[in-house]
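Please find below a briefing on the structure shown here. It is arranged by topic for reference alongside the sequence and the model.

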There are 2 protein chains.
Amino acid sequence: MFSKTCEYAIRALIYIAGISKRGAKVSVKEIAREIDAPEHFIAKILQDLCKNGLLLSLKGPTGGFYLDKNSPQRSLAEVVKLIDGEKLYRGCALGLPVCSENMPCPLHNQFKNVRRDIYNILQNTQIGELQEQLESKLVFLKRE
Amino acid sequence: MFSKTCEYAIRALIYIAGISKRGAKVSVKEIAREIDAPEHFIAKILQDLCKNGLLLSLKGPTGGFYLDKNSPQRSLAEVVKLIDGEKLYRGCALGLPVCSENMPCPLHNQFKNVRRDIYNILQNTQIGELQEQLESKLVFLKRE
DNA sequence: ATAATAAAGGATATTTTTGTCCTTTATTAT
DNA sequence: ATAATAAAGGACAAAAATATCCTTTATTAT
C-alpha cells in the first residue's frame, strides 16, 4: 500500500508528536529504537520531512526533531503525498497511462470507491489524532 | 497497489480470455504488443501462471497461450494471491509485524473497510467478466 | 526426417527501493 | 574557546523489482 519509506515516516511522526507534546525534542537514535526502524534510513526520511516543512529540527546537544505547534493537525495525506505521491488513490489499478472516467481500465469502476475511501481516510486523519490514540493505548506502534 | 508483475498478469489474462473464447491461442509477442508490456518480462509471468494452473500453453507452431474452459470464472483474487500474495488486504498499513484487532496499529481501524472492500472486489471479480466488458467497449486495455 | 515456430528455462542486466557509513555543520554546555 | 552532541549532506552498498538475452525443448507443417 505505502512504501516502506512512507510507513516509517508516518510511524516516526506519530512518535515525535507524542514527545513534542511535552515540549521536548527527540534524536533519530531514539526514534529508530522506538518505532523499530533502521536509524540511518529514517534519518534521511526525517531530513526530507524537515526540508518540506512537515517537521522541525535543531542540531546540537538538546537538539533533535520536534513538531511545530500546528503540525499535529496536518493530515496523513500531506505526508503520503510528499513521499509516495498520489498514485495510491489517483493511479490506475492496472498501471495504464491512460485511465479515466471516459477511458476506464477494466478495474477502474471496481476500485473507484476504494480510491475515494483511501483519499478520504488520508485527508481526514491527522497526526495528532493518531498520537492521542497511541497515548490512550487504543493502538500500538510496537509490541510491548 | 499491485506490483507491475501483477498488473501485467491481469492485463494479459484479460486479453488471452478474449482470444481463447474464439478457441484460438496467442503468442507472447502478440500479447506484449496488445497490452503494451515488455515481451520477455511477461513471458516469465505467463510461464509462472502456467505452472500454477491459471493458464495453459502449447509449444510450437499454432501454439501459444490459452485458457482452460473454466478459467474465465477464476477470480482476480487467485491471480493476485499467486503473484503479490495477500499483503494488500491482510498486511498492516504501517508495516508492523504485529497488527491485529487485539493489537491494532494506529491506522488499523481506518483501513479495515478498505481492506475488506479490496478483498471483496478481488474475490468477486472474474477474468471472464472483465473480458466481456472489454469486448463491449465499456472498458479499455489500450488507447486506440 | 527436417525446418520452422513458439514456449520453457536459465543467466544476466538495469533500475528502484531500502539501508549504511562517514564527514561536515550547527548548537550547546563547560 | 573548546569539547561534546546531534542533525545535514553526500557517497556508497545491498536487496528487490523490473527487464533482457540466449539456449533448449516441444510441437507442427512440409
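The points that follow treat the chain, the pairing of the copies, the DNA strands and selected local features.

The model is a predicted one. Chain A comprises seven helices and two strands, and 32 of its residues are in contact with 32 residues of chain B. A surface of 25 residues surrounds DNA strand C, and 25 residues likewise lie around DNA strand D.

**Architecture of chain A**

- Read along the sequence, the elements of chain A follow the order α-α-α-β-β-α-α-α-α.
- The C-alpha trace of chain A extends over about 55 × 30 × 30 Å along its principal axes.
- Buried residues make up 40% of the 144 residues of chain A.
- Among contacts in chain A with a separation of 6 or more, 65% join residues 24 or more positions apart.

**Relation and contact of the two copies**

- A turn of 180° with a shift of 0.0 Å along the axis lays chain A on chain B, with an RMSD of 0.0 Å. This is the relation of a two-fold axis.
- Met1(A) is the residue of chain A that comes closest to the rotation axis, its C-alpha lying at 2.8 Å.
- The contact between the chains involves 32 residues of chain A and 32 residues of chain B. On the chain A side, helix 1, helix 6 (108-124) and helix 7 (127-135) each supply at least two residues.
- Helix 6 of chain A provides the largest share of that side, namely eight residues. By class, the side of chain A that touches chain B has 21 nonpolar, six polar and five charged residues.
- The copies meet through the same surface, because 100% of the interface residues of chain A are also interface residues in chain B.

**Surfaces near the DNA strands**

- The closest residues to DNA strand C are Lys4(A), Pro38(A), His40(A), Gly60(A) and Ser27(B).
- The surface near DNA strand C draws at least two residues from each of helix 1 (4-21) and helix 3 (39-51) of chain A, and from each of helix 3 (39-51) and strand 2 (64-66) of chain B.
- By class, the surface near DNA strand C has nine nonpolar, twelve polar and four charged residues.
- Around DNA strand D, the nearest residues are Ser27(A), Lys4(B), Pro38(B), His40(B) and Gly60(B). Helix 3 and strand 2 (64-66) of chain A, together with helix 1 and helix 3 of chain B, give two or more residues each to this surface.
- The surface near DNA strand D is divided into nine nonpolar, twelve polar and four charged residues.

**Helix 4 of chain B**

- Leu76(B), Val79(B), Val80(B) and Ile83(B) are the buried residues of helix 4 (residues 76-84) of chain B. They lie on the same side of helix 4 of chain B, because they cover an arc of only 90° around the axis.
- These buried residues of helix 4 pack against helix 1 (4-21), helix 5 (87-90) and helix 6 (108-124) of chain B.
- Gly85(B), just after helix 4 of chain B, takes a positive phi of about 75°.

**Positive phi in loops of chain B**

- Asp36(B), although not a glycine, has a positive phi of about 60°. Asp36(B) is placed in the loop between helix 2 (28-35) and helix 3 of chain B, and counts as partly exposed, with 14 other C-beta atoms within 10 Å.
- Thr62(B), also a residue other than glycine, has a positive phi near 65°. Thr62(B) is in the loop between strand 1 (56-58) and strand 2 of chain B, and it counts as exposed because it has 8 C-beta neighbours inside 10 Å.

How values were computed:
Residues are numbered from 1 along each chain as its sequence is written. Chains are lettered from A and ligands numbered from 1 in the order in which they are written. This is a predicted model: local features need pLDDT of at least 70, side-chain atom pairs count only at pLDDT 80 or more; totals for chains, interfaces and linings use all residues. A residue is near a molecule or strand if its C-beta atom, placed from the backbone, lies within 6 Å of it. Helices (H or I, at least four residues) and strands (E, at least two) are DSSP runs, numbered from the N terminus. Ala, Val, Leu, Ile, Met, Phe, Trp, Tyr, Cys and Pro count as nonpolar, Asp, Glu, Lys and Arg as charged, and the others, Gly among them, as polar. Two residues are in contact if their C-beta atoms, placed from the backbone, lie within 7 Å. A residue is buried if 20 or more other C-beta atoms lie within 10 Å of its own, exposed if 12 or fewer, and partly exposed in between; C-beta atoms are placed from the backbone. The arc is that of the directions from the helix axis to the C-beta atoms. Copies are superposed by least squares on the C-alpha atoms of residues with pLDDT of at least 70 in both.
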